[in-house]
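Please walk me through this structure, strand by strand and helix by helix, for someone who has not seen it before. I would like the terms explained along the way.

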Amino acid sequence: MSCAPVTVFACGERERGDDAVAYAIVDALPPGLRGRIAVVRDGMLDAGSLMALPEGAPAVVVDAVAGVAPGEVVVLPLADLAGLARSSPRSTHWMSIDATVALVQTLLGEPVEGTFVGVGLRDCDFGAPLSPEVAAALPAAVAAVAAAVEALEAADRGVAR
Amino acid sequence: MTDTAVRRIAVHELTRVEGEGSLTLEVRDGQVTTARLGIFEAPRYFEKIVVGRTPDEVIDIVARICGICPVAYQMSAVHAFEALFGVRIDPMVRLLRRLLYAGEWIESLGLHVYMLHAPDFLGYESAIAMAAEHREAVVRGLALKKVGNEILRVLGGRAIHPVSVRVGGFSRVPTRRELQALRPQLEHALEQAKATVRWVTGFAMPHLDRPMRFVALSHPREYPYNEGRLVSSDGLDVPVEHWNEAFEEFQVEGTNALHARLIGADGPYLLGPAARVTLCGDRLHPVARSLLAETGMAGAIRTNIYASIVARAVELVHATAEAIEIVDAYRPPARPAEPWTPRAGSSAWATEAPRGLCFHRYGCDEAGRITACQIVPPTSQNQAAIEADLVATAGSLLDLPDAEMTRRLEQMIRSYDPCISCATHFLDLTVLRR
């Protein structure tokens, strides 16, 4: 039990259409919940930021994702996400979220506790607003992040679920 | 008809390089006849995108060419515009630009040494795999990259794709206190950079003894970032604006990136850390120069591309040590940017990206809007050297199983730290109408 607040990492680029969805989600979280969590607007998930969390402190990572339908909300334990990382990344302008989590798990020697919430994107054009599909998915995505935070808080308090 | 044995080695996706490329090697009768570094990442037409834009817009647009070395593109562009418009920048702005570049070198060189290249020498397929047994080293690499990104954030407003560089200076300059806040991290980073040099010097390196033609900027008093003359290891010494008179670009079948060659010379040339350390090593920061001497690797850096990892580590020390000195010397300038007036004409400049010389040429109209643009990134210039080294050395690997041969060839390519995304921004578009 860490007693540390849940940290929500909002990843993406604010100026690029659906890639800004994580910021819209954290801005729309209920005020009561926002007061209990730490929010890191990280652009790209940084391994150092993840490693700097207090021992056992859980995290929720939020980002736009490709490969699912626009607006579809995907929820995965971070440990499962790490399992999706390619062992030999094809390109490294920097590491993808799955590779970052996998690297941090390897460095820590234990699974990273937390949840990934992704929202399927349609367009990432510069200066564009959220696409209609992603904008329509915001309530569900906000609810998914809130549920993830509450589940992690409950687990941290030792409440059986 | 001759009875020939043809073996074709194809690496369809090069790993641990920036961007997407491939390698095809053709072997006939036991001789490597062709090596082709295929750059199939789609062209991005930046040279056309900037036409009609203002200089300050261009500076932000070209930063988007690369997420690892955006400062290189910004610096080459802003210096070209300032040369054309006759802008004299404040000495402190000049220092801040060196600091911004140092930040980029730290994050880019640190990334390459630790995450992309070191796994080759230690026998791992990735940095993630390496992390299990080399935790301390990987944490060191992550920390170095973070310090570099933090410099970009403080000076450029963002850790990736900074947005503060403007013709005449910056849109905003930091306070002295903001820069001083970087000092403890930089002091720690300097120790980590020194440890990096000692770490990579201990790596077992494949033997290679191939003297190379090096090209870099050379400044009389400083290790080169933003200023200097174009020099080579075989006597070239011309103003940076004369790149087009000394070099030329040309298309090669099977790749979306132009190659480049030194006019009137046989064979390729090499840019980047090995070239800079060889041509400008006497202007390294004293701490870096002393460490280079301690490694005893200066000779190997000249003839063995695998030893470029040592040159990168030495430059990490240089960039970090100079960054500390700039932080200490900094006093905010009277104003963040000097005023300027556009004029028609053309101008060219080159600066030293982490991977080597990044050349820009712009034409502007009376309002300063761009009429023409040429961008020559370092990776495109290094392609010919990479292919020549592959042809020359792959013959000695032919007895190896394909998987091991592929691994060794990839290691050689990674020694050049190619940034394929950077190299696909300048494809000439030719439409044949019949």
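In chain A, strand E1 (residues 7-11) and strand E2 (residues 38-43) pair in the parallel sense over 5 bridges, where strands (E, at least two residues) and helices (H or I, at least four) are DSSP runs numbered from the N terminus, and two strands count as paired if DSSP finds at least two bridges between them. This is a predicted model, in which local features need pLDDT of at least 70 and side-chain atom pairs count only at pLDDT 80 or more, while totals for chains, interfaces and linings use all residues. Residues are numbered from 1 along each chain as its sequence is written, chains are lettered from A and ligands numbered from 1 in the order in which they are written, and side-chain values use heavy atoms, with hydrogens and water left out.

E1(A) also pairs with strand E3 (residues 59-65) of chain A, in the parallel sense and over 4 bridges. A:Ala10 can be followed in both directions, since A:Ala10 stands opposite A:Arg41 in E2(A) and opposite A:Val62 in E3(A). E1(A) is mostly covered, with 5 of its 5 residues buried, a word that here means under 20% relative accessible area, as against exposed at over 50% and partly exposed in between (1.4 Å probe, protein chains only). Both faces of the strand share in this, with A:Thr7, A:Phe9 and A:Cys11 buried on one side and A:Val8 and A:Ala10 buried on the other.

Chain B offers open sheets to look at next. One of them has 3 strands in the order E11-E12-E13, with antiparallel pairing. Strand E11 (345-353) and strand E13 (370-376) stand at the edges of this sheet of chain B, each with a single partner strand, so one side of each is left without a neighbour in the sheet. The twist averages 15° from one strand to the next, angles being taken from 0 to 180 degrees between N-to-C directions of axes, which are lines fitted to C-alpha atoms, for helices over the stretch in contact. E11(B) is joined by 9 bridges to strand E12 (residues 356-364) of chain B, the two running antiparallel, and B:Ala353 stands opposite B:Gly356 in E12(B). Helix H14 of chain B packs on this sheet, touching E11, E12 and E13 of chain B, and its direction makes about 130° with that of E12(B); contact means heavy atoms within 4.5 Å. H3(B) lies across E11, E12 and E13 of chain B as well, running at about 145° to E11(B).

H14(B) (residues 378-394) has a helix partner too, for its axis and that of helix H15 (residues 402-415) of chain B come within 10 Å and cross at roughly 145°. In this contact B:Ile386, B:Asp389, B:Leu390, B:Thr393 and B:Ala394 of H14(B) meet B:Met405, B:Leu409, B:Met412 and B:Ile413 of H15(B).

Helix H3 (residues 70-85) of chain B holds both B:Phe81 and B:Phe85, which lie 4 residues apart, about one turn of the helix. B:Phe81 counts as buried at 1% relative accessibility, and B:Phe85 is buried with a relative accessible area of 9%. Together with B:Trp340 and B:Tyr362, B:Phe81 and B:Phe85 form one aromatic cluster; rings of Phe, Tyr and Trp (its six-membered ring) pair if their centres lie within 6.5 Å, and planes under 30 degrees apart count as stacked, over 60 as edge-to-face and the rest as tilted. Over all chains the structure holds 12 aromatic pairs. The rings of B:Phe81 and B:Phe85 have their centres 6.3 Å apart and their planes at 10°, so the pair is stacked.

Which residues does B:Arg97 touch? B:Arg97 is found in helix H4 of chain B, and at 1% relative accessibility it counts as buried. Leaving aside residues up to four places away in sequence, B:Arg97 touches B:Met75, B:Val78, B:His79, B:Glu82, B:Ile89, B:Arg166, B:Gly168, B:Gly169, B:Phe170 and B:Asn226.

A last stop is B:His161, in the loop between helix H6 (135-156) and strand E4 (165-166) of chain B. B:His161 has a positive phi of about 55° although it is not a glycine, and at 13% relative accessibility B:His161 counts as buried.
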